[in-house]
Amino acid sequence: MGVHSAVSGVISTIYYSGRAEVYRNNLIIGPSGPQQPGPGGPGAPGSRSAFTNIEAEQYNQVNSSTIQTIGTANGGSGLGYIENGDYVTYSNIDFGSGANRFTALVASDVPSTNIEIRLNGPYGTLLGTLQVDPTGGWNNYTNQSTTINNVSGVHDLVLRFTGPVNIDSFVFGAGGGNGGQPGQSQLSATVEETVQWGGGATLVVTIVNNGTTPVDDWTASWNFAGNTRITECWGAQYIQSGSSVVARNDNYNGRIEPGGSVYFVFNISYSGSYIMPTITVQ
Ligand SMILES: [Ca+2]
């Protein structure tokens with residue numbers, strides 16, 4: 001029976017691209033070759049901004065016989081069972097006046113998989129390649145980032161994979177402002193411990209706009225070491241997935257004037273000791 005043999009094919013890939021905790025929201029089975037119209041996730045929009053998080057599972061088309069929507073560590077969804085040569089299309093992504101950085105929330109337990117960031121098709125213009133470093137497990141998601149060639153306007157975006165990786169979401173960033181280097185954000189972040197107690201601390205993150213133009217929204221991301229967890233946060237909306245954290249401005253502190261700064265504060269809990277995280281902001 002055709003379906004049965006196809007499902008067996010999927011199961012045989014678990015060793016390479018899956019993880020023990022995986023569950024299946026839906027199963028996409030199809031031959032390689034022409035693109036298969038995907039389910040588009042739960043209501044994949046017709047056009048999306050490149051600068052707000054794009055859920056990997058909310059694709060428009062997929063070309064793979066194995067890719068599935070999987071559960072992720074934070075209770076959300078992502079794409080798993082990815083294999084070499086698979087690609088996923090996100091239609092009508094709006095890069096605005098320009099993007100030059102790609103950041104993805106990914107999990108991997110193999111030495112190296114590349115995510116090729118392309119326009120229009122699997123062999124279309126290559127903007128850049130994210131070399132995914134192992135994250136310590138298929139359910140351990142971290143933000144990984146790469147610079148890409150500048151791209152502006154609305155395009156169909158294709159992510160093409162050279163091997164297994166689990167991907168939860170991705171986002172593009174614009175760097176620099178006037179005279180900025182590609183991929184270099186005009187924002188910088190510093191983190192400071194203000195209070196510490198047994199198994200906990202209060203950290204303050206200050207974000208500075210070093211550019212010559214205002215910034216209207218910001219996203220800070222970092223990876224904790226060990227079992228550090230955020231317990232409370234003020235001045236940002238955050239998601240922690242395993243050791244990986246993404247924090248976005250609250251509705252009152254998104255704008256940062258040139259030379260200006262904003263801050264947010266959070267409490268952490270941990271056992272043993274913790275390492276001050278390095279915070280990336282864009
Ligand atoms: Ca997701």
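A residue counts as buried if 20 or more other C-beta atoms lie within 10 Å of its own, as exposed if 12 or fewer do, and as partly exposed in between. In this predicted model, Asn 92 has 13 C-beta neighbours inside 10 Å and is therefore partly exposed.

**Two residues with positive phi**

Most residues other than glycine have a negative phi. Asn 92, which lies in strand E8, has a positive phi near 55°. Tyr 81 also carries a positive value, near 60°, and is found in the loop between strand E7 (77-80) and strand E8 (87-94). Tyr 81 is buried, because 26 other C-beta atoms lie within 10 Å.

**A four-stranded sheet**

An open sheet is formed by four strands in the order E15-E16-E21-E18, with antiparallel pairing. Its edge strands, each paired on one side only, are E15 (187-197) and E18 (229-234). From one strand to the next, the twist averages 25°. Strand E15 is joined to strand E16 (residues 200-209) by 10 bridges; Ala 189, for instance, has Ile 207 in E16 as its bridge partner.

Thr 202 lies in strand E16. Thr 202 is in contact with Thr 194, Val 195, Val 265 and Asn 267, leaving aside residues up to four places away in sequence. Its C-alpha atom is separated by 9.2 Å from that of Ser 269, 67 residues apart along the chain.

**Surroundings of three residues**

| Residue | C-beta neighbours within 10 Å | Class |
|---|---|---|
| Tyr 81 | 26 C-beta atoms | buried |
| Asn 92 | 13 C-beta atoms | partly exposed |
| Thr 202 | 16 C-beta atoms | partly exposed |

Methods: Residues numbered from 1 in each chain as written. Predicted model: local features only at pLDDT ≥ 70, side-chain atom pairs only at ≥ 80, totals over all residues. Pairing = 2+ DSSP bridges. Helix = DSSP H or I, 4+ residues; strand = E, 2+ residues; numbered from the N terminus. Axes fitted to C-alpha atoms, helices over the stretch in contact; angles between N-to-C directions. Contact = placed C-beta atoms within 7 Å.
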